[in-house]
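Please look over the sequence and the model shown below, and then follow the account from the strands to a helix and on to the cysteines.

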Amino acid sequence: MNSVLRATSRQSLLLTKQVSALSPCAPLSSKVYELRIYSIKPSCMVKYIKLTKENFESRLAHSKPTGFWTTEIGGINEAVHIWEYDSLAHRASVRAGLAADSAWWDNYLSEAIRYFDRQHNQLVTAEELDAVPVQEGGVYQLCALNVDSAGGLKQLKDVTALQQGILEEGQMGKLIALLRTQIGDTNIAYQLWNYKHADDILKCKEALDDHKSITANQNIVPKPVSSRLLIPLPTVSPLM
């Protein structure tokens with residue numbers, strides 16, 4: 001069974017390198033980010049967290065995540081992580097390196113792959129990024145919003161700026177990133193927020209809903225798709 005899993009995993013990783021070689025393209029002018037959301041089998045979540053805390057060094061040797069979290073509310077038994085790359089070519093190089101790294105397989109993936117129920121990834125770019133938490137020990141919120149209407153991205157930026165002002169005034173938190181999907185779910189953007197306390201999420205939402213510019217024109221608010229309360233994973237996530 002181990003040999004089958006190992007072959008399948010390495011074939012998947014090597015495919016990225018092969019596609020890149022067959023279809024060369026100019027590097028993107030700015031960094032790209034891969035948003036990954038893993039659903040973990042309920043009976044395996046504790047094992048997955050322990051394994052990742054203890055044996056993830058071989059993955060981190062190839063590239064560093066922007067953040068790595070587990071979902072507390074908005075999804076159950078999930079791991080959410082964001083990885084930064086200079087370009088898609090850089091990502092292909094990292095994936096090829098992982099495919100050739102026996103320590104990555106032996107120490108981590110051969111066991112972790114048994115815990116996965118479903119995996120989902122998207123390529124996003126950063127409209128805004130400030131990867132410094134408001135304080136260590138806070139919580140995070142990942143909000144997905146629909147921006148398919150004309151001017152949707154501008155509306156999102158306007159509302160995001162309004163939320164930032166509310167958080168700064170109340171000293172509750174800050175925006176970490178505003179991300180736009182390039183490959184994956186279409187017309188979706190993500191806000192990644194950092195709060196000092198989980199209850200600050202509700203305080204900010206109430207203040208935003210009651211703000212005069214919102215009550216006067218509900219059409220300026222992009223349609224929410226989903227929201228997750230995230231807890232950073234110690235020893236793995238740079239954002240704590």
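How many bridges join strand E1 to strand E4? Strand E1 (residues 32–40) and strand E4 (residues 116–129) run antiparallel and are joined by eight bridges, where helices (H or I, at least four residues) and strands (E, at least two) are DSSP runs, numbered from the N terminus, and two strands pair if DSSP finds at least two bridges between them. This is a predicted model, in which local features need pLDDT of at least 70 and side-chain atom pairs count only at pLDDT 80 or more, while totals for chains, interfaces and linings use all residues. Residues are numbered from 1 along each chain as its sequence is written, and side-chain values use heavy atoms, with hydrogens and water left out.

Within the pairing of E1 with E4, Tyr 33 has Val 124 as its bridge partner, and Glu 34 stands opposite Leu 123. E1 also pairs with strand E3 (residues 78–85), in the antiparallel sense and over eight bridges, and there Tyr 33 stands opposite Glu 84. E4, in turn, pairs with strand E6 (residues 173–183) in the antiparallel sense over six bridges, with Leu 129 opposite Ala 177 of E6.

How is E1 placed with respect to the rest of the structure? Nine of its nine residues are buried, so E1 is largely enclosed by the rest of the structure; buried here means under 20% relative accessible area, exposed over 50%, and partly exposed in between (1.4 Å probe, protein chains only). Val 32, Glu 34, Arg 36, Tyr 38 and Ile 40 point one way from the strand, whereas Tyr 33, Leu 35, Ile 37 and Ser 39 point the other way, and all of these residues are buried.

Two further buried residues can be followed through their contacts, a contact being heavy atoms within 4.5 Å. Thr 70, in strand E2 (residues 65–73), has a relative accessible area of 13% and is buried; leaving aside neighbours within four places in sequence, Thr 70 is in contact with Met 45, Ile 49, Glu 78, Ala 79, Leu 229, Leu 230 and Ile 231. Ser 58, found in helix H3 (residues 57–60), is buried with a relative accessible area of 12%, and Ser 58 touches Asp 101, Ala 103 and Trp 104 when residues up to four places away in sequence are not counted.

Helix H7 (residues 199–210) has 12 residues and reaches 17 Å from its first C-alpha to its last, close to the 16 Å expected at 1.5 Å a residue, the expected span being 1.5 Å times one less than the number of residues. In H7, Asp 200, Ile 201, Cys 204 and Leu 208 are buried. Seen down the axis of H7, the buried residues fall within an arc of 105°, so they line one face of the helix; the arc is that of the directions from the helix axis to the C-beta atoms. The face turned away from this buried side carries the exposed residues Asp 199, Leu 202, Glu 206 and Asp 210.

Cys 204 leads on to the cysteines. The sulfur of Cys 143 is 9.1 Å from the closest cysteine sulfur, in Cys 204, too far for a bond, and Cys 143 is buried with a relative accessible area of 10%. Cys 44 is buried, with a relative accessible area of 10%. A search of the whole structure finds zero disulfides, a disulfide being a pair of cysteine sulfur atoms within 2.5 Å.
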